[in-house]
Amino acid sequence: MKGNQDRFSKFKTPIGESVQDKRLLPITGLALVIGLSAGVVSQIVTAMIGFVTNLSFFGRASTHFSSPSENHIGLWVLVVPVVGGIIVGIMARYGSKAIRGHGIPEAMEQVLLNQSRIPPRITILKPLSAAISIGTGGPFGAEGPIISTGGAMGSLMGQLLRTTADERKVLLAAGAAAGMSAIFGAPVSAVLLAIELLLFEFRSRSFIPVAIASVAATAVRVFFEGLKPSFSMPILPTPTEGAIVTYVLIGAATGLASVWITRAVYWIEDGFEKLPVHWMWWPAIGGVAVGVIGYFVPRTLGVGYDNISGFLSGTFTTETLLLLCAFKFLSWSIALGSGTSGGTLAPLFTIGGALGSAMAAGIHIVFPGIQIDLRMAGLIGMAAMFAGASRALLASVVFAFETTLQSSGLLPLLGGCSAAYLISTTMMKHTIMTEKIARRGLRVPSDYGPDHLARTLVRDRLSRTVATVSASQTIAEIRAWCRTYALGSEHGGFPVLDEHGELAGVVTRKEIFSTELPEGESINTLINRPPAVVFEDNTLREAADLMVTERIGRLPVVLREDPLQVVGILTRSDLLHAHESRLEEEHEANQTILVSSLWRGFKR
């Protein structure tokens, strides 16, 4: 028995989960460091935006976070965003083109295309360019560059250490989630956003480091800013049945608007592509639009977090809401299309929230008995807009709750965001986050389900009729048998059994016919490495991974209690055929109970 154990110890078997789990602890430790760092970086970036804003619009040197809408510089408002656009354009051309855009699509692209390797200089250039862009009136949120910078920090740490591409992806997502947690104090929605837009999976080895990073970043935020929610609003009453239905309809209408807004953003971006000037000057051209619109509607300038607080507290008139919705969209979409640096979350929240509140105001006039609340409608609108535009459904719902702590809004939020998501998936193939990536020919995962191979066992797909050869047979005998095309002889490889009927190795058809050894040699002379085997209780995923690692197309299946006994064979074709049941479950609709027999079923 000991001899058998020694022989089996040389066999190649699937890598167990425990081996992978050993990496979880150090990766989580790295994520903790990234989270703490992202929390500090968030404070620095916010201070930088405040400094540039104060310097540009108020002529003072202060890092206090100010709103440019309160400026008194008159027509100079037309100039300031253009200057900011020129600086950002120069930085993009001579620093890194990757600083353009709103951060999340660029991070997704690095995950999908570049094994999560973000150039180190982005950790400096991205927050600096965003501070200049936003501080000079750019209608973006601070969260985009902070998320992007956090992701770049995670990627950088992953590149400095010896990590796999999968681990770098986790560290990148941890940094991005930490950035969002640090700016909004919304760690749960940050984790969900990372899962829905960056990780493309839900595994413990992924979301635990991301969650720890988010918690750490939130703790840093609490240290600097306290426990207050990002957007304070009075406690909202529990909605009535009629109000809930209305909120869902508002969510659906906002989802429709999100489709239109996404298409408009890319239509404007396509328009910039046709301009006969170098792309370096596009942010300055976008700055002209930002300045003109900002001159007439100052609330469109800058991040506009005070706008979100305004409609959530119910202090805005309907006219203000409509102006804010229309001109914030116009200013933001032109600036975004110009390729400058800034985030999309806050603008989408502002546009959606203003739209939701405005719709509620109109509905209240026509149907006052519904008892609809404009503040609740604003909350639904801002979450539904992001859910429709990005399809980060759960992140949108939880974000609205975490940043306002309105528990009575959870049910309307879930209904409204789901309706927006439904409209978006029905009318739009790609989202505002993925359209740019899809145009470059990349496929972006949109649905995440369990790996079918990971939930199917080898014993359910193996072939128990195994064509084997004896180690004592000569090469000539095996060649002659293969030429008969008898049952099993046409296979591409054969387990070799010794005189005790135990597995000695595997030889392939190619090795049998291409060897230059004398035909009188026994077949076991062709065995040049220990065999790779699987057990009946291994999953097909584990078997597939072993085939890829060993570059082979078939695996002998052995008994776990006697691993030298072959009980079956598993081939690549078996792995493909395993998907038949998945396709059947997905596409074949069956009526398993006839209505006419339903009563009889209850009686039994």
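Good morning. The buried residues of helix 4 pack against three other helices: helix 3, covering 24-58, helix 6, covering 122-135, and helix 12, covering 282-296. I begin there since several parts of this talk return to those helices. Please keep in mind throughout that this is a predicted model.

Let us stay with helix 4 itself, which covers residues 80-94. Which of its residues are buried? They are Val 80, Pro 81, Val 82, Gly 84, Gly 85, Val 88, Gly 89, Met 91 and Ala 92. When you look at such a list, one general point is helpful. An α-helix has 3.6 residues a turn, so residues three or four places apart point the same way. We can also check the length of helix 4. At 1.5 Å a residue, its 15 residues should span 21 Å, and the end C-alpha atoms lie 22 Å apart, so the two values agree.

Helix 6 is one of the partners of helix 4, and it deserves its own moment. How many of its 14 residues are buried? The count is twelve, so helix 6 is mostly covered, given that buried means under 20% relative accessible area. Among the buried residues are Ile 122, Thr 123, Leu 125, Lys 126 and Pro 127. Further along the helix, Ser 129, Ala 130, Ala 131, Ile 132, Ser 133, Ile 134 and Gly 135 are buried as well. The cover over these residues includes helix 3, helix 4 and helix 7, the last of which covers 143-160. The length check works here too: the 14 residues should span 20 Å at 1.5 Å a residue, and the end C-alpha atoms are 19 Å apart, which agrees. Just after helix 6 comes Gly 137, with a positive phi of about 105°.

Now to the empty space inside the model. Rolling a probe the size of a water molecule over the atoms shows where empty space is left. There are five cavities of 30 Å³ or more. The largest has a volume of about 90 Å³. Of the 14 residues lining this largest cavity, the closest to its centre are Pro 81, Ser 133, Gly 138, Pro 283 and Gly 287. Helix 4 and helix 12 are the elements that give two or more residues to the lining. Helix 12 provides the largest share, four residues.

Next, a pocket. The second largest pocket holds about 700 Å³ of space. Its lining has 27 residues, and those closest to the centre are Thr 46, Phe 65, Glu 225, Ser 230 and Tyr 305. Which helix gives the most to this lining? The answer is helix 3, with four residues. Helix 3, helix 8 (165-184), helix 10 (204-225) and helix 13 (305-313) each supply at least two residues.

I turn now to the strands. Three strands form an open sheet in the order 1-2-3, with mixed pairing. Its edge strands, which each pair on one side only, are strand 1 (469-470) and strand 3 (503-508). Strand 2, residues 493-497, runs antiparallel to strand 3, and five bridges join the two. In one of these pairings, Leu 497 has Leu 503 as its bridge partner in strand 3. Strands 2 and 3 form a hairpin with five residues between them, and Gly 501 in the turn has a positive phi of about 75°.

Further along the chain we meet strand 5, residues 554-558. Four of its five residues are buried, so strand 5 is largely enclosed by the rest of the structure. How do its neighbours run, parallel or antiparallel? Strand 4, residues 534-535, is parallel to strand 5 and joined to it by two bridges. Here Val 534 has Val 557 as its bridge partner in strand 5. Strand 6, residues 566-571, is antiparallel to strand 5, with five bridges between them. Leu 555 stands opposite Leu 570 in strand 6.

Finally, the cysteines. A disulfide is a covalent bond between the sulfur atoms of two cysteines. How many disulfides does the model have? The count comes to zero. For Cys 325, the nearest cysteine sulfur is that of Cys 417, and it is 16 Å away. Cys 325 has a relative accessible area of 14%; this is under 20%, so Cys 325 is buried. Cys 482 also counts as buried, at 0% relative accessibility. Thank you for your attention.

Technical notes: Residues numbered from 1 in each chain as written. Predicted model: local features only at pLDDT ≥ 70, side-chain atom pairs only at ≥ 80, totals over all residues. Heavy atoms only, no water. Pairing = 2+ DSSP bridges. Buried < 20%, exposed > 50% of the residue type's maximum accessible area, 1.4 Å probe, protein only. Expected span 1.5 Å × (residues − 1). Contact = heavy atoms within 4.5 Å. Disulfide = S-S within 2.5 Å. 1 Å grid on protein atoms, 1.4 Å probe; cavity = no way out; pocket = protein on both sides within 12 Å on 5 of 7 lines; lining within 4 Å. Points joined across faces, edges and corners; volume = space filled by probe spheres on them.
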